[in-house]
Structure formats: structure tokens, C-alpha cells
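Trainee: I am new to this structure and should like a close look at one part, the surroundings of the ligand, followed by an account of the rest of the chain. Which residues around the ligand come nearest?

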Amino acid sequence: MLHSMRETIGMNKRAIGIWWRESPGMLVELIFYVITGAVLPYAGIYFSAQIITELAGAKNPVVLRNLVLLLLGIESLLGLIYHYFKNRYTVERNRMLEKLRYILSEKMLSLDFEKVDDAVIQDKVLQIEQINRWSRFGLCMVVFTLERMLQAIAGIAGALMLTVSFFQAKAVKSAFLWMNSPLFAIVFLAGILGFTTLASRIVERAQNMIAELSERATFGNRVWSFMAGMAGEREREQDIRVYEQIPAAMGLYEKNKVWGIGTEMDRLEKGKVGVLAAAANMTERLCSGLVYLLVCLKAYGGAFGIGAVTQYIGAVTALSHNLEEFLGAIGEVNTNREFLKKTFDFLDTPNDMYQGSLTVEKRNDCQYEVEFKDVSFCYPGTDRKVLDHVNLKFRIGEKLAIVGENGSGKSTFIKLLCRLYDPTEGEILLNGINIKKYKYKEYMSVFSVVFQDFKLFALPLGQNVAASTEYDADKVQECLKLAGFDVHSDRMKKGLDTWLYKDCDADGVNISGGEEQKIALARALYQNAAFLILDEPTAALDPIAEAEVYSSFNEIVGDRTAVYISHRLSSCRFCDEIVVFDRGRIVQQGTHEELVEQTNCKYYELWSAQAKYYA
Ligand SMILES: Nc1ncnc2c1ncn2[C@@H]1O[C@H](COP(=O)(O)OP(=O)(O)OP(=O)(O)O)[C@@H](O)[C@H]1O
């Protein structure tokens with residue numbers, strides 16, 4: 001119990017620390033707005049009571065005028081300060097709520113690639129995002145709870161100050177003398193505390209039921225986010241239309257959705273949670289009724305006049321409301337515990353890949369040598385060798401083609417080369433040193449890669465190619481030209497400043513798969529690294545564009561070492577060496593002419609399977 005309390009406090013402190021680090025001004029604004037907000041209603045209660053007392057008693061017009069002016073002046077000033085800070089705080093808080101999502105994505109980007117692929121981690125992130133979007137639990141809730149708790153504390157302090165004289169005032173009628181005893185004050189305050197505790201416990205119970213359901217609704221959440229994400233995906237939409245998958249997808253959605261009419265959440269809110277909300281409300285009303293009764297009885301007993309009755313009723317009602325808010329905030333802290341834990345669990349996910357410290361020697365002559373030395377690899381959580389004792393040395397300045405059937409391990413080979421994963425056995429060497437020992441960024445600066453499933457961004461063309469907002473426009477133009485992309489076509493009205501896609505700019509240009517591939521190739525060329533890795537770089541190109549790429553391949557590659565994966569064997573002929581993969585093993589190696597001679601082997605089988613359609 002004590003341990004979990006300490007852990008809860010620790011996690012909340014850490015979360016507030018994150019808010020403070022990101023926006024210290026926001027928390028200062030919060031404190032100002034809460035204090036003025038707490039004083040504001042009590043100023044009204046206090047001066048109204050004074051005015052009523054004056055009206056019921058002496059009725060002095062000067063005193064009345066002064067009281068009214070004071071009330072107006074103080075309320076206006078406090079109201080002004082309150083709204084000024086509240087607005088500033090709200091705007092900043094909303095900006096921060098957005099920013100918190102970046103904290104999660106920044107963490108995701110900094111994780112070892114294999115962890116990004118890990119289903120448990122993916123599930124965790126999905127739950128964190130869902131619950132955050134759905135009910136703000138997690139890091140966001142901490143600041144909402146802090147706001148609520150500070151407001152409650154300030155409210156309790158203000159209410160107590162206005163209530164002290166209620167207990168000090170003495171009833172004079174004999175039947176009400178028991179109200180003068182300190183025991184009455186204790187029972188009165190304990191009663192308020194009892195009722196408010198009960199009401200907030202009931203609310204907490206309802207909140208826990210909702211939180212519990214959200215925990216159990218992982219599959220429903222996944223389906224929901226898949227469906228929500230699908231709405232914006234152009235590529236998938238085509239398939240859905242053509243294959244008429246909407247009914248099937250909607251069926252899955254309807255069956256597993258977690259909220260909306262007829263869902264478990266709907267039943268819960270209409271049923272148990274609804275009953276609990278009503279019970280909490282009734283408890284609050286009962287408490288207010290008793291407060292009215294007791295305050296009126298003490299006034300009837302002669303302890304104070306009519307003006308004070310409004311003050312005490314207002315103050316005690318505010319006291320019970322703020323107590324309830326305080327307890328509610330504590331309940332919220334408890335409910336939020338598991339979500340915070342999940343968030344920090346994710347943020348604390350360690351990276352297990354060895355982080356090297358060596359720098360890579362910068363060489364203008366591109367004399368970098370890479371060697372795969374007896375490398376085997378199984379994807380995390382599997383024991384099937386996707387690469388099996390692979391030995392390969394890249395000769396500097398050479399053009400190497402990698403071919404093989406689907407699933408033979410070609411792309412995995414590239415992923416290992418880019419250190420997205422580390423080999424399960426064996427090692428990869430750069431200039432004789434295990435690549436793990438280099439700083440990752442340094443090591444990767446040796447490679448330019450076009451992945452099979454590359455993605456471009458909804459940004460201007462020039463920024464896409466340079467992968468940066470600042471770039472050398474001449475160099476970008478040159479790379480696009482080498483890759484065969486026509487920047488001067490009518491469609492690219494603003495040249496390099498033309499936006500790709502319409503996501504961010506209504507005048508953006510939707511480009512074809514082949515054009516995307518050319519831009520991705522230009523992006524790799526712009527990096528100007530010693531190795532150019534191309535995974536199926538011409539798969540989406542038309543025959544003419546493909547022929548252009550091949551004919552200018554030597555010019556494109558220059559003195560770089562190129563690794564080229566392709567299913568079109570005819571396109572590999574211009575490479576110096578072809579490596580044939582079969583079920584994770586290198587089964588053949590040589591030039592095209594050498595390999596087609598070996599008629600019993602894999603390359604000949606692949607070549608003749610393709611060539612017969614062109615004969
Ligand atoms: N993240 C992953 N987790 C588990 N297995 C994977 C993963 N990615 C790929 N595989 C498996 O590894 C094997 C090799 O895949 P890889 O993508 O390297 O083949 P490939 O030769 O590039 O195929 P293709 O020609 O279809 O692109 C396949 O059986 C694939 O199912």
C-alpha cells in the first residue's frame with residue numbers, strides 16, 4: 001500500500017516534471033488562475049451577505065452604495081485577472097497536449113528497430129494513444145488533475161475562512177444551545193467530509209469500471225484505430241472499393257467497436273455507471289439539504305442574521321463541493337496510476353542494441369570495404385534462419401546485384417547492412433571493424449538507401465529530395481535529373497517548391513508510383529554516400545524509364561559501391577557481380593555470363609523462367 005502510494009507520487013512528480021520542462025510558464029499561469037478563481041466566488045458570497053445584512057438592518061444608503069461598488073470593483077478586477085490567466089493557460093495546455101504526442105513518437109523513433117516491430121510494444125503504444133485520445137488518462141490527465149486539485153485546495157481554504165464565524169456565533173435560544181458546543185462543529189464538518197467522501201467514492205467506482213473496460217478492449221481499440229486510419233489512406237481505399245471490402249471491414253468494426261450505441265460501453269454507461277452517477281448526485285443533494293437545515297436552525301436559534309445565512313450556506317456548500325473535488329482528484333490520481341505506469345514503462349523501454357563510439361574515417365576516395373562474415377539471422381521471437389551463414393565481401397566501386405525468389409532473404413540482408421537488426425550469429429565488418437562499434441549515425445552516413453517500401457512526405461519536392469528544409473537547389477536538380485524526374489514539367493508549377501500530395505497543400509501534386517520511385521532515387525543520390533543500396537529501384541518504372549535508369553546506371557552510381565536488388569534479371573546484367581540467394585543462403589556468385597552457363601543451378605532456373613516470355 002505504502003509502496004504503491006510512493007510509486008504513484010513518484011510517477012506524478014515525474015509527469016509534472018515533464019510538463020514543467022516543456023512549459024514552465026503554463027504551470028505558473030495555472031497557479032494564478034486557480035487562486036483568483038478561488039477568491040472570486042467568495043468575494044461575491046461575502047459582499048452579498050454584507051449587503052443583505054445592511055438591507056435587513058440599518059439600511060444606510062452610503063454604506064450600501066460603498067458595498068455594491070466594492071463588490072463590483074473587486075469582482076471585475078478578479079474576473080479580469082482570472083480570465084487573462086485562464087485563457088493563457090488553456091491555450092498553452094492545449095498546445096502541450098499535442099506536444100505530448102510527440103514525446104511518444106520521439107521515443108518510438110529512438111527505439112531499436114526490432115522493438116518497433118515488437119507486438120507487445122506496439123500494443124502498449126496503441127493503448128496509451130487510445131486512452132489518451134479517449135479519456136485523456138495518462139500524461140495528460142496529470143495536468144487536468146493538478147488543476148482540479150489546486151482549485152479544490154484553494155476553494156477549501158476560502159470556504160473555511162468564511163465558515164469560521166459560523167461556528168463562533170452563539171445561538172441564544174435555549175433549544176439551540178447544543179449548536180454552540182465544539183462537538184457540533186466537529187460532527188458538522190465530519191458529516192460533510194463523510195458525505196463528500198461517499199459521493200467521490202461512488203464516482204471513482206464508476207470511473208474504474210470505464211477504465212477496466214478500456215483495458216479489456218484492446219482488440220476493439222485496434223480495430224477502431226485501423227478503421228479510423230483507413231479513412232485517410234488513399235492506397236487502401238482503392239482496394240476496398242474494388243474488392244468491396246467495406247461491408248466486411250464495417251462488420252468487423254461493428255462487432256468489435258468499444259463505444260457507440262449497443263456497445264459494452266454504452267450498456268455500462270446506461271446501466272451501472274449511470275446508476276452510480278445518480279447515487280453520487282443524490283448523496284451531494286442530501287448533504288446540501290442538511291447544510292441548509294442546520295444553518296437555518298442556528299439562525300433561528302438567534303446566532304446570526306439573514307445576511308450571514310446566505311454567506312454560510314454559500315460557503316459550506318462550496319466547502320463540500322471543493323472537498324468532493326479534492327477527493328475526486330485523488331480518485332483520478334488512483335485511476336490514472338495504471339495508465340501512467342504504462343506510459344512510463346514505454347518511455348523507459350531500454351535499447352538493447354550495442355551503441356558504438358567509433359567514428360567512421362571520412363574518405364573522399366570512397367574506399368570503404370564491407371564484409372558479411374558467416375552471418376546468420378532469425379527475426380526476434382522466431383527461430384527460423386532467414387539468413388544462413390552468409391559470407392560476402394563488397395569489392396569497392398563494384399556494382400553488385402542480389403537476386404533470388406520471394407522470401408529468400410534479400411531485403412533482410414539490406415536491413416542487417418543498415419543495422420536495423422544485428423546478426424544472430426557472425427558479424428558485419430566495415431574496414432575490418434565490427435559495425436556495432438561505430439556510432440550509428442556515422443556508420444549510416446556511408447550508405448544511401450532506397451528501401452523497397454520507401455515513403456515520401458507531403459512536403460515540397462526539394463525538401464523531399466534533400467530530406468531537409470535547407471538545401472542546395474542545384475544539387476537537388478542534378479539528382480532529380482540523374483534519376484530521370486522532370487522538374488520542369490507543366491505539373492511541377494513551382495519547381496522544387498511544388499508540394500507533393502494534397503495532404504498539406506490543396507495545390508499539391510499527386511504523383512505516380514514510378515515518379516515516386518524516381519524521387520526516392522534522387523533522395524538517395526543527394527546523400528552522396530559511398531554505398532548506394534537500391535532495393536527494387538525500378539519495380540514501378542515504365543519500360544522506357546527503366547531502360548533510362550539502366551543506361552545511365554554507371555553515371556548514376558559514379559565511383560560508389562552499389563548494391564542492387566531486383567527480380568528483373570535482365571536488369572542485373574550491367575552489374576559486375578551477381579549474388580544469388582536461396583532460402584537465406586548464398587548459392588551462387590558470378591557475372592551474368594558465368595551464371596547462365598550453370599544450367600542446373602538457381603540463377604539459370606530464374607533466368608529461363610523470365611526469359612521464355614521474351615523469346
Ligand atoms: N519483421 C519480420 N518478422 C519475421 N519474419 C520476417 C520479417 N520480415 C521478413 N520476414 C520473413 O523473412 C523472410 C525473408 O524476407 P525478405 O523480405 O528478406 O525476403 P526478400 O527476398 O526480400 O523477398 P521479396 O523478394 O518478396 O522482397 C520471409 O520469409 C519473411 O516472411
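Mentor: A residue counts as near the ligand if its C-beta atom, placed from the backbone, lies within 6 Å of it. The model is predicted, and in it there are 13 residues around the ligand, of which Tyr379, Asn406, Lys410, Ser411 and Thr412 come nearest. By character, the residues of this shell divide into nine polar, two nonpolar and two charged. Helix H14, which spans residues 410-417, supplies three residues, the largest share of the shell.

Let us turn from the ligand to the sheet. Six strands make up an open sheet with mixed pairing, and their order is S6-S7-S8-S3-S9-S10. Strand S6 (447-450) and strand S10 (585-590) each have a single partner strand, so one side of each has no neighbour in the sheet and these two strands form the edges. From one strand to the next, the twist averages 15°.

Two pairings in the sheet deserve closer attention, and both involve strand S9. Strand S9 (residues 577-582) pairs with strand S3 (residues 399-404) in the parallel sense, over five bridges. Within that pairing, Ala401 stands opposite Ile578 in S9. The pairing of S9 with S10 also has five bridges, but its sense is antiparallel. Here Asp582 has Arg585 in S10 as its bridge partner. S9 and S10 form a hairpin in which two residues lie between the strands, and Arg583 in the turn has a positive phi of about 45°.

Helices also lie across the sheet. Helix H22 (residues 602-611) crosses S3, S9 and S10, and its direction is at about 95° to S9. Helix H18 (residues 513-527) lies across S6 and strand S7 (531-535), and runs at about 175° to S6.

Several loop residues may be examined next. Tyr501 is in the loop between H17 and H18. Although Tyr501 is not a glycine, it has a positive phi of about 65°. With 16 C-beta neighbours inside 10 Å, Tyr501 counts as partly exposed. Ala467, in the loop between helix H16 (461-466) and helix H17 (473-482), has a positive phi of about 55° and is likewise not a glycine. Ala467 has 13 other C-beta atoms within 10 Å and is therefore partly exposed.

Gly381 belongs to the loop between strand S1 (370-377) and strand S2 (387-393). Because Gly381 has 10 C-beta neighbours inside 10 Å, it counts as exposed. Gly381 and Asp118 are separated by 263 residues in sequence, yet their C-alpha atoms are 8.7 Å apart in space.

The record adds a further part of the chain. An unreviewed UniProt entry carries the annotation "transmembrane region" for residues 30-52, 64-85, 149-169 and 175-199. In the model, residues 30-52 are 100% helix and 0% strand, with end C-alpha atoms 34 Å apart. Residues 175-199 are 72% helix and 0% strand, and the end C-alpha atoms there are 32 Å apart.

Finally, the protein chain as a whole contains 22 helices and 10 strands. It has 615 residues, of which 31% count as buried. Among contacts with a separation of 6 or more, 76% are between residues 24 or more positions apart.

How values were computed: Residues are numbered from 1 along each chain as its sequence is written. This is a predicted model: local features need pLDDT of at least 70, side-chain atom pairs count only at pLDDT 80 or more; totals for chains, interfaces and linings use all residues. Helices (H or I, at least four residues) and strands (E, at least two) are DSSP runs, numbered from the N terminus. Ala, Val, Leu, Ile, Met, Phe, Trp, Tyr, Cys and Pro count as nonpolar, Asp, Glu, Lys and Arg as charged, and the others, Gly among them, as polar. Two strands pair if DSSP finds at least two bridges between them. Axes are lines fitted to C-alpha atoms, for helices over the stretch in contact, and angles run from 0 to 180 degrees between N-to-C directions. Two residues are in contact if their C-beta atoms, placed from the backbone, lie within 7 Å. UniProt positions are given in the numbering used here, feature names are shortened, and annotations may be inferred rather than shown by experiment. A residue is buried if 20 or more other C-beta atoms lie within 10 Å of its own, exposed if 12 or fewer, and partly exposed in between; C-beta atoms are placed from the backbone.
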